[in-house]
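This report goes through one protein chain and its ligand. The topics are the ligand shell, the fold, the strands and the nonpolar core.

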Amino acid sequence: MTLAERARRIDLLAAAAETVEGCRRCAIGATRTHSVYGEGDPCADLMLVGEGPGETEDRLGRPFVGRAGQLLERMLAAIGLAREDVYICNTVKCRPTQSGPSGPRNRAPDPSEMANCRSYLDAQIATVRPRAILALGAPAAKTFLGADFAISRMRGRWYEGPLGIALMATFHPAYVLRQTGGEMTAVKRLVWADLKAVRAKLDEPPPQRESTPEQAALFPS
Ligand code: SF4
């Protein structure tokens, strides 16, 4: 990856983040504190896609920075990756909320919000062009693989994602944290199996790039 290409991607992502900051396509665009566009290595081999920002993310404008984010970082470290090595974002860039007794509460993004926000996600994927995408949780998996995707049965397998990129779904770290006792151990085991599969995918040799016509003429096979 050349420095110029890295700089081009940084510029593209920064411009898109600015567009998102002004976006009001959905009602949650007006109720959020900060938009949460995404962050990480613009040339990452792995992109993580969660469902949407929660309270801490909304306050800080960064994805996965609460307790779930800390668990995510430990999960990444277990396969030899630092947070800075990957690109992290969500299906929607504004915090979806519903009213609760003590103020707004998190909720899953609704289909219209995910549809409205999809072009921003697609542009991120097209810019970063990771080798693999890991969808975290059922809403993120469904955005790529359809409403019938059942995470308990269908996680841990490779699918063809956007732009032909290998895509797997696993449980969201927040879901892992909500489990207790033996249930938590069982879910953690499944997530660990999925992460090992991601590590193996990233360790595969990169696909050979097609020769340009000039290269083919110089070095005929
Ligand atoms: S969720 Fe996405 S599409 Fe909706 S207002 Fe926020 S940035 Fe815009």
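Which helices each supply at least two residues of the shell around the ligand? In this predicted model, they are helix H2 (28-31) and helix H5 (111-128). H5 gives the largest share of that shell, 3 residues. The shell around the ligand has 14 residues, and Cys-23, Cys-26, Gly-29, Cys-94 and Cys-117 come nearest. By class, the shell divides into 7 nonpolar, 3 polar and 4 charged residues.

**Overall fold**

The secondary structure of the protein chain consists of 10 helices and 8 strands. Along the principal axes, the C-alpha atoms fill a box of roughly 70 × 45 × 30 Å. The radius of gyration is 18 Å; this agrees with a compact globule, because a globule of 221 residues would have a value near 17 Å. Of the 221 residues, 36% count as buried. Among contacts with a separation of 6 or more, 73% are between residues 24 or more positions apart.

**Strand pairing**

Strand S2 (46-50) pairs with both S6 and S3, while S4 and S5 form a hairpin with 2 residues between them. The pairings are listed below.

| Strand pair | Sense | Bridges | One bridge pair |
|---|---|---|---|
| S2 and S6 | parallel | 4 bridges | Leu-46 and Ala-132 |
| S2 and S3 | parallel | 4 bridges | Gly-50 and Asn-90 |
| S4 and S5 | antiparallel | 4 bridges | Gly-100 and Gly-103 |

In S2, 5 of its 5 residues are buried. In a regular strand the side chains alternate between the two faces of the sheet. For S2, Leu-46, Leu-48 and Gly-50 lie on one side, with Met-47 and Val-49 on the other, and both faces are covered.

**Nonpolar core**

Which residues have the most contacts inside the largest nonpolar core? They are Leu-46, Met-47, Leu-48, Val-49, Val-86, Leu-134 and Ala-135, in a core of 45 residues. Two or more residues each come from strand S2, helix H4 (67-78), strand S3 (87-90), H5, strand S6 (132-136), helix H6 (138-145), strand S8 (166-170) and H9. The largest share of this core, 6 residues, is from H5. H5 thus appears both in the core and in the shell around the ligand. In soluble globular proteins, nonpolar side chains tend to be buried together.

Val-49 shows the surroundings of one core residue in S2. Leaving out residues up to four places away in sequence, Val-49 touches Cys-89, Asn-90, Thr-91, Ile-133, Ala-135, Leu-136 and Ala-140. Of these, Asn-90 is also the bridge partner of Gly-50 in S3, and Ala-135 is among the core residues with the most contacts.

**Ala-197 in helix H9**

Is Ala-197 buried or partly exposed? Ala-197 counts as partly exposed because it has 18 C-beta neighbours inside 10 Å, whereas a buried residue needs 20 or more. Ala-197 is in helix H9 (residues 181-203). Apart from neighbours within four places in sequence, Ala-197 is in contact with Gly-156 and Met-168. From Ala-197 to Gln-215 the separation is 18 residues in sequence and 35 Å in space, C-alpha to C-alpha.

Definitions and conventions: Residues numbered from 1 in each chain as written. Predicted model: local features only at pLDDT ≥ 70, side-chain atom pairs only at ≥ 80, totals over all residues. Near = placed C-beta within 6 Å. Nonpolar A, V, L, I, M, F, W, Y, C, P; charged D, E, K, R; others polar. Buried ≥ 20, exposed ≤ 12 C-beta atoms within 10 Å, placed from the backbone. Contact = placed C-beta atoms within 7 Å. Core = buried A, V, L, I, M, F, W, Y, C linked by C-beta atoms within 7 Å. Rg over C-alpha atoms; globule rule 2.2 N^0.38 Å. Pairing = 2+ DSSP bridges.
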